[in-house]
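Here's a quick briefing on how some helices pack in this structure and where the empty space sits. Have the model open as you read.

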Amino acid sequence: MRWLLRIGRTREDAAALAGDLEEERRARVRPARGWLAAEIWYARQVAVAAVFGLRDSLRGRSPVRGLFRMGDVRFALRRWRRRPGFAFTAALTLALGIGATTSMFSVADAVILRPLPWPEPERLVVIHGVYPDRRQDPAYATTWNRGTLTCPMWDALRRAEAFTDVAVWTPSRTRDTTFGEARTEIVSVGGISSGLLPVLGVRVVLGRNFNDEDDHEPTYAMLLPHETWQRRFGGRSDIVGEIVTMGHASSGGTDKRRVVGVLEPAFRFGGEPPEFLWNVGTAGEVCRTYDGGSFRAVARLAPGASVESAAVEAQGLVGALQRKETTSVRLVPLVEEELGAAARPLWLLLGGAGLLLLVACANVVGLLLGEGRHRRHEVGVRLALGGSRPRVIRQLVVEHALLALVGSVAGLVLAVWITQTLVGIAPASLPRIDTVAVDWRVAAVALALGAAALLISGVAPAWSLARTDAAGVLAEGGRGWASGRHLGHRAIVAAEIAIALVLVVGAALFGETIARLASQPLGFNPANLTIVSTSFTGSRLGDPAVLRAAQGRPDFRDLVSQLMLSTSTARTEALVTRLRALPGVQDVAGASAIPFLASPSFLDVRIEGRSSEPVQRVRQQVVTDGYFATMGMPVVEGRGFADSDRPGDPRAAVVSAEFSRRFFDGRAIGQRFSNQWAPDRISTYEIIGVVPDVKRVNLAENDEPLFYAPDRQLGLVSYIVVRSSIDPVSTIAAVRQAIAEVDPQVVVTATTTMSELIGGTVAEERFRAMLSACFGGAGLLLAAVGLYGLSARRVVERRKEFGVRVALGAAPVDLRALVLRDAAVIVGAGLLVGLPAAFVASQVTRALLFGVTPTAPHVFLIAAGVLGLAALAAMLAPVRRAGRLDPVVALRE
Amino acid sequence: MPAYLGEFEQLVLLALARLGDEAYGVTIRATLVERTGRRPTFGAIYSTLRRLEAKGLVRSYLGEPQAVRGGRAKKHVALTPRGRAALRDAHRAIVLMAEGVGGLR
């Protein structure tokens, strides 16, 4: 908004003025009056300063001198002071429309409109591995065509002439790491090839980039992002060439890596950047020989190559490789990959905000038309006294411009506030949401919207006023206009109702989506659950002496797995026991996976008695005995795990309802299934209980067969679930402390609460639902205000006619019916236009809905009903007024 | 020929004379509010200062940026000798005209 201060001022002056305003505003934010008063004061100061600046800059210039006079502004302000209701409503209406549109634009601008921060981003493509054979496998349901590339695939793609370079990276993963003697830390590490930095236009500020050797040989080189260099190495300029020893705490191994270079600040790619960047050649020739590697690839298109032609060439090269499974690749422009999913909903919301602005404009037109009728007399007098028509038009233009200016400024203030709120509630999955700001681009949009709104709303009323026939008006003798059909105004209000209906239908669809999602059965009780992710560092094998003694024995392998199992089980048990004793904690359990956080792993099983059928891929989750009780999952059949379920054969299993339904027609207890986990090893499971299906990743998913196995038989627990009787957030510190006390080798990598996890899964839907509800509500309000304004005026203007009717025997109820019928025609017309429009508009929401179709009749009925109710509420005052009319008074006027 | 001063211009010049080194937008407005009870906008004050500077009656210089001002510098304003003279003339005119007129105190 500060650019308003630049009008007619030097940069220095504007900055000093902005500083003064800032200083004064800060002094004004007092608890007693609140920030709103200070913001309003600020907006008014800026607006007045802009007018002064404009006047100063026009002073003394002949061509424009005649066009702008302070007198017109003063006159307009005086008029507003006399009719504050009109000025306030008009400015607020404009501000609402401009504020909503501007803030939505600022979000859309940052997320999808502003170019990506790389050179020629439209020439960058992401290359996905496509593996059609995996399509039927539930484990690859969403990733079979978004797969990684292997070393030979990368080599093949680099030969393509359609790319200037094919760069690869391995997504960052976390590692428990020790630096020298220091405590174990969790750090993130990612691999990149030498081509990635040039492709993205990122510079190396110290040392060198990786080179071809680093890409193919185990050179153990490392690049540091600028932030890591500053934080961990104090920004030392002699860092290049230094060898950093990074111990891998859980495996006990170490990596010695030579720092070869430091990147420029703010390197970002594919989410949070890792702290350390390793070269990708670590596996060396082995990677090629054994078709290893798991790379993500981004390539720059060569001049003249298109995405399509490059895809054909790349598919040819990859298809020629002799691989065990059918392999292809898919090219997706990086822009689409990064922003594609976010773009559509945002365009939709932007469209919603635009509709709201349209309603606001229509409302202002209505207000100005109504105001115009009040002014016909004044304009008539001025014309009769010798005022020229251009002079009158200028006065009107100045008034409208002032209105647009006030509306824009107030809209901007509103936009700043709305945008802050939006960023606060926006789902974290929206890319670049952290860069959203109301800047000069956004301000320019607001001003343009204000100007457009002025143009749309001001022209017709000004035109009709300026054509005023002085003699005719004065002949009316100041009695004001009798009646008119107000066709234009009525059409405008009907249009408002139609647009409001579209907005309300959108709000209802998204609202129902979130309600349906929220009412999906989770399968467990999410209240007051804290989830602690842990990583066991140090040896997994317990006492090394025992192991050494056993070396060479024939059952060494079994001994090792037994040792690992007992160590891990003992650890988990100690943790669970200690945490259970914490104040406020009701129950504690361990698990290998957690709903909405980590999915259970897949396991191929054979259902006993059905040896003819192929193996089934199911999910397996390891839990401690208390898991079902802690999660609030009722055991619906059979029993849960108990201390008696010891290692051995068969193992005990509790299955999900879907598991029981799909494989045993719902009669699973006592049935068996088996898993062949090595050529000579088969584990058999016997089903002892059935628990409800549990949502795993999102609320809209279908149920999958899943079974639970006790950790006493399998180990592998790395998540701790804590159910507390108090707010889970308040227990987190105590839980961390207790874990550190029990076992210093257990590192807590993350803590969260179940409600946060679930909230995260519906964050986008909730965001859309909230925004569309706001748009719908605001549209409804504006339409109601428009209808009220029209009807109230009609009642006043038809006073005389009503008086005659009453005198001729009409009862008050007849007058009320008359007024209502008048409004019903308008509302009916609005709905008639709005329903098909909403029907068409709702089609674009289809992909974003859950549990409701865009054409669901009840949604339209409810939306129309809500609009009808709002219309009735708006009509309440005018109708009562018509009913209370005193014919004597009305006729005497 | 001394410069003609409008009434608001006189008030602003008086505020400058009163404030000395401390004169910039916020203090000038505070002085006007405190002494006259008026609440001029910053836009009006800046517009007047610019006019006075163009007439050579005041001069301005920039101070250091400050956090409380959103990192922006103050624009300090001071009377020039001509400004002081113009103020004196205007004041003298008022005093001479008011001399002997009753009911002004």
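H17(A) passes H25(A) in a left-handed crossing. This is a predicted model, and H25(A) is a good thread to follow through it: H25(A) also packs against H28(A) and helps line the largest pocket.

**H17 against H25**

- Helix H17 (residues 487–518) of chain A and H25(A) have axes 7 Å apart, at an angle of about 155°.
- Angles over 145 degrees count as roughly antiparallel, so H17(A) is roughly antiparallel to H25(A).
- Sorted by class, the residues in this contact come out as 17 nonpolar, eight polar and seven charged.

**H25 against H28**

- Helix H25 covers residues 763–797 of chain A and helix H28 covers residues 857–883 of chain A; their axes come within 9 Å and cross at roughly 25°.
- That angle is under 35 degrees, and H25(A) and H28(A) are therefore roughly parallel to each other.
- Here the crossing is right-handed.
- On the H25(A) side, the contact residues include Leu780(A), Ala784(A), Leu787(A), Tyr788(A) and Ser791(A).
- H28(A) brings in a run of alanines, among them Ala870(A), Ala871(A), Ala874(A), Ala877(A) and Ala882(A), along with others including Met875(A), Pro878(A) and Arg881(A).
- The class split for this contact is 16 nonpolar, one polar and one charged.

**H26 against H27**

- Helix H26 (residues 799–807) and helix H27 (residues 812–842), both of chain A, pack with axes 10 Å apart and an angle of about 140°.
- Angles have to be over 145 degrees to count as roughly antiparallel, so the pair, at about 140°, counts as oblique.
- H26(A) and H27(A) cross in a right-handed sense.
- H26(A) makes the contact through Glu801(A), Phe802(A), Arg805(A) and Val806(A), while H27(A) offers Leu815(A), Leu818(A) and Val819(A).
- Five of the residues in this contact are nonpolar and two are charged, with no polar ones.

**The largest pocket**

- The largest pocket has a volume of about 1,700 Å³.
- Its lining takes in 45 residues, and those nearest the centre are Arg44(A), Ala47(A), Leu77(A), Trp80(A) and Val406(A).
- At least two lining residues come from each of helix H3 (34–58), helix H5 (70–82), helix H6 (84–113), H14 and H25 of chain A.
- Which helix gives the most to this lining? That would be H3(A), with twelve residues.
- By class, the pocket lining splits into 34 nonpolar, three polar and eight charged residues.

**Cavities**

- Searching the whole structure turns up seven cavities of 30 Å³ or more.
- The largest cavity holds about 170 Å³ of space.
- There are 19 residues around the largest cavity, with Pro600(A), Val694(A), Lys695(A), Arg696(A) and Leu706(A) nearest its centre.
- Strand S14 (616–623) and strand S19 (706–710) of chain A are the elements that give two or more residues to that lining.
- The lining of the largest cavity has nine nonpolar, three polar and seven charged residues.
- Next comes the second largest cavity, with a volume of about 100 Å³.
- The second largest cavity has 13 lining residues, and closest to its centre are Leu368(A), Glu371(A), Arg375(A), Glu399(A) and His400(A).
- Helices take over here: helix H13 (334–384), helix H14 (389–425) and helix H15 (440–466) of chain A each give two or more residues to the lining of the second largest cavity.
- Its lining divides into eight nonpolar, two polar and three charged residues.
- H14 of chain A turns up twice, then, since H14 also supplies at least two residues of the largest pocket's lining.

Key. Residues numbered from 1 in each chain as written. Chains lettered and ligands numbered in written order. Predicted model: local features only at pLDDT ≥ 70, side-chain atom pairs only at ≥ 80, totals over all residues. Heavy atoms only, no water. 1 Å grid on protein atoms, 1.4 Å probe; cavity = no way out; pocket = protein on both sides within 12 Å on 5 of 7 lines; lining within 4 Å. Points joined across faces, edges and corners; volume = space filled by probe spheres on them. Helix = DSSP H or I, 4+ residues; strand = E, 2+ residues; numbered from the N terminus. Nonpolar A, V, L, I, M, F, W, Y, C, P; charged D, E, K, R; others polar. Axes fitted to C-alpha atoms, helices over the stretch in contact; angles between N-to-C directions. Parallel < 35°, antiparallel > 145°, perpendicular 65-115°, else oblique. Left-handed = near helix turned anticlockwise from the far one by under 90°. Contact = heavy atoms within 4.5 Å.
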